[in-house]
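Reader: I should like to understand the reasoning behind the terms applied to this protein. Please set each value beside the criterion that it has to meet.

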Amino acid sequence: MKPHCPCGSEEFEAAVAFSLAGDGSVRWVTVGLRCQKDGAVGVYADWKIDYGPTDHLLTLV
C-alpha cells in the first residue's frame, strides 16, 4: 500500500531515526515522512528492537 497525504499527494521526503540505549545499542527504529506538497509530517512506522548486536542497523540506512 502506497502512503498518501490527506491533500492527495503521494510524494514524500523520508527520514529514519534511531533511539539508542545507554550502551549505544539500537532500541527503536522510526520512519517519518513529510509531504512535499503541503509539508504535513507523520510517523509511518516504528519497530522495537529487542535483540543484539544492533550495529548493522545503523549501517543499513
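The exchange below takes up the salt bridge, the sheet, the surface patch and the cysteines in turn.

Author: Please note at the outset that this is a predicted model.

Reader: Why is the contact of Arg34 with Glu13 called a salt bridge?

Author: The closest N and O atoms of Arg34 and Glu13 are 3.2 Å apart. The criterion asks for a side-chain nitrogen of Lys or Arg within 4 Å of a carboxyl oxygen of Asp or Glu, and therefore the pair qualifies. The search of the whole structure finds 1 salt bridge.

Reader: Which parts does the pair of Arg34 and Glu13 tie together?

Author: Arg34 belongs to strand E2 (residues 26–35) and Glu13 to strand E1 (residues 12–20), so the link joins parts that are 21 residues apart in sequence.

Reader: What makes Arg34 and Glu13 partly exposed?

Author: The relative accessible area is 37% for Arg34 and 39% for Glu13. Partly exposed covers the range between 20% and 50%, so both residues receive that term.

Reader: How do you know that E1 and E2 are paired?

Author: Pairing requires at least two bridges. E1 and E2 are joined by 9 bridges, so they count as paired, and they run antiparallel. One of the bridge partnerships links Leu20 with Val26 in E2.

Reader: Why are E1 and E3 said to stand at the edges?

Author: The open sheet has 3 strands in the order E1-E2-E3, with antiparallel pairing. E1 and strand E3 (41–48) each have a single partner strand, so one side of each lacks a neighbour in the sheet. Direction ignored, neighbouring strands of this sheet are turned by 20 degrees against each other on average.

Reader: What makes Val16 eligible for the nonpolar patch?

Author: Val16, in strand E1, has a relative accessible area of 39%. A patch residue needs over 30%, so Val16 passes that cut-off. The nonpolar patch on the surface consists of Val16, Leu60 and Val61, with about 310 Å² of accessible area together.

Reader: Why is Cys5 in no disulfide?

Author: The structure holds 0 disulfides. For Cys5, the nearest cysteine sulfur is that of Cys7, 3.7 Å away; a disulfide needs sulfur atoms within 2.5 Å, so the criterion is not met. The sulfur of Cys35 is 3.8 Å from its closest cysteine sulfur, in Cys5, which is too far for a bond.

Reader: Are Cys5 and Cys35 buried or exposed?

Author: The relative accessible area is 3% for Cys5 and 1% for Cys35. Buried means under 20%, so both cysteines are buried.

Conventions:
Residues are numbered from 1 along each chain as its sequence is written. This is a predicted model: local features need pLDDT of at least 70, side-chain atom pairs count only at pLDDT 80 or more; totals for chains, interfaces and linings use all residues. Side-chain values use heavy atoms; hydrogens and water are left out. Helices (H or I, at least four residues) and strands (E, at least two) are DSSP runs, numbered from the N terminus. Buried means under 20% relative accessible area, exposed over 50%, partly exposed in between (1.4 Å probe, protein chains only). Patches are made of residues with over 30% relative accessible area and no salt bridge: like charges are joined within 9 Å, nonpolar side chains (Val, Leu, Ile, Met, Phe, Trp, Tyr) within 5 Å. Accessible areas come from the Shrake-Rupley method with a 1.4 Å probe; for residues, only the protein chains shown count as cover. Axes are lines fitted to C-alpha atoms, for helices over the stretch in contact, and angles run from 0 to 180 degrees between N-to-C directions.
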